[in-house]
Structure formats: structure tokens, C-alpha cells
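Grab your viewer and work through these exercises with me. Each one sets a task and then walks through a solution.

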Amino acid sequence: MAHNTDIGSLSFEEALKALEDIVRRLESGEAPLDESIDLYARGDALRAHCQKRLDAAQARIEAIVTDGPAGSPGRATGTRPFDDGAGGA
């Protein structure tokens, strides 16, 4: 994954892999100080992007409508749209 790839265009899986690569690079201790600082900043942005994607997925899951009585598992009858305000994230 290229270091200059726009984070907003990455899927969750791509962002997570890029974050794992950064963590490995930082943990190796081989990156010069300036590169380490840049890697840390990009890693923080990737972490935030992954969290945003996870939050959106959780909200979509919570939007599943069930029809069982209170306290029973019920069954999924469909979903309702979730507007997270992220413009299709």
C-alpha cells in the first residue's frame, strides 16, 4: 500500500493492513526519527478512519429490525436505512 494513498478512499481492510504495516515498521526501530513521526501521524489517521468505518458498520447492524416479543431473540424482518451523514461511507 502506497504511503501517499488517500486514507478516505481505503476500505476498512486496506486501512487496517496499512496500519499494521506502520506498526511493524515503528516497532522495528529502523525508521529514522523524521520518518517515524510521519508514520505515527499516518497511523493515527488510519486508526481514526478504521474507527469511523467500524462505527458506521455498528450503526448499520443496529438498524436491523426484529419482530420478536420483548426478551426473545426474534427474527430479522428487514433493515431500515441508516444515514450516518458520511456521504456513503
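A salt bridge here is a side-chain nitrogen of Lys or Arg within 4 Å of a carboxyl oxygen of Asp or Glu. Keep in mind that this is a predicted model.

**Exercise 1. Test the pair aspartate 21 and lysine 17 against the salt-bridge cut-off, then place the pair in the fold.**

Step 1: get the distance. The closest N and O atoms of aspartate 21 and lysine 17 are 3.2 Å apart.

Step 2: compare with the cut-off. Anything within 4 Å passes, and aspartate 21 does form a salt bridge with lysine 17.

Step 3: locate the partners. Both sit in helix H1, which covers residues 12–28, and four residues separate them, about one turn of the helix.

Step 4: check the surroundings. Aspartate 21 has 28% relative accessibility and counts as partly exposed. Lysine 17, at 47%, is partly exposed too.

**Exercise 2. Work out which elements the salt bridge between glutamate 35 and arginine 25 connects.**

Step 1: start with the contact itself. The side chains of glutamate 35 and arginine 25 meet in a salt bridge, with 3.1 Å from N to O.

Step 2: assign each end. Glutamate 35 belongs to helix H2 (residues 33–62) and arginine 25 to helix H1; they are 10 residues apart, and the pair links distant parts of the chain.

Step 3: look at exposure. Glutamate 35 is partly exposed at 29% relative accessibility, and arginine 25 is partly exposed with a relative accessible area of 30%.

**Exercise 3. Describe the salt bridge of aspartate 44 with arginine 47, then find which residues share partners in a network.**

Step 1: aspartate 44 pairs with arginine 47, their closest N and O atoms being 3.3 Å apart.

Step 2: the two are three residues apart in helix H2, so about one helical turn separates them.

Step 3: both ends are partly exposed, with aspartate 44 at 39% relative accessibility and arginine 47 at 43%.

Step 4: now for the network. Lys17, Asp21 and Arg24 are joined into one network by salt bridges that share partners. Over the whole structure, the tally is four salt bridges.

**Exercise 4. Check whether the span of H2 agrees or disagrees with the expected value.**

Step 1: H2 has 30 residues, and at 1.5 Å a residue they should span 44 Å. The rule multiplies 1.5 Å by one less than the number of residues.

Step 2: compare with the model. The end C-alpha atoms of H2 are 43 Å apart, which agrees.

Step 3: put H2 in context. The protein chain has two helices and two strands, and along the sequence they run α-α-β-β.

**Exercise 5. Find what covers the buried side of the story: which residues of H2 are buried, and which form the largest nonpolar core?**

Step 1: list the buried residues of H2. They are Leu39, Arg42, Gly43, Leu46, His49, Cys50, Ala56 and Ala59. Their cover includes H1.

Step 2: collect the core. The largest nonpolar core has 10 residues: Ile7, Leu10, Ala15, Ala18, Leu19, Ile22, Ala31, Leu39, Leu46 and Cys50.

Step 3: split the core by element. H1 and H2 are the elements that give two or more residues to this core, and H1 supplies the largest share, four residues.

Step 4: zoom in on alanine 15. Leaving aside neighbours within four places in sequence, alanine 15 is in contact with Leu10, Leu46, His49 and Cys50.

Step 5: zoom out again. Of the 89 residues in the protein chain, 18% are buried.

**Exercise 6. Contrast histidine 49 with serine 9: is each one buried or exposed?**

Step 1: histidine 49 lies in helix H2. Its relative accessible area is 11%, so histidine 49 is buried, since the cut-off is under 20%.

Step 2: serine 9 is in the segment before H1. With a relative accessible area of 52%, serine 9 is exposed.

Step 3: follow the side chains. That of histidine 49 reaches the backbone oxygen of isoleucine 7 at 3.5 Å, while that of serine 9 reaches the backbone oxygen of aspartate 6 at 2.7 Å.

Step 4: relate the two positions. Serine 9 and histidine 49 are 40 residues apart in sequence and 9.9 Å apart in space, C-alpha to C-alpha.

Notes
Residues numbered from 1 in each chain as written. Predicted model: local features only at pLDDT ≥ 70, side-chain atom pairs only at ≥ 80, totals over all residues. Heavy atoms only, no water. Buried < 20%, exposed > 50% of the residue type's maximum accessible area, 1.4 Å probe, protein only. Contact = heavy atoms within 4.5 Å. Polar contact = N/O pair within 3.5 Å; in protein donor to acceptor, adjacent residues only side chain to side chain. Core = buried A, V, L, I, M, F, W, Y, C linked by side-chain atoms within 4.5 Å.
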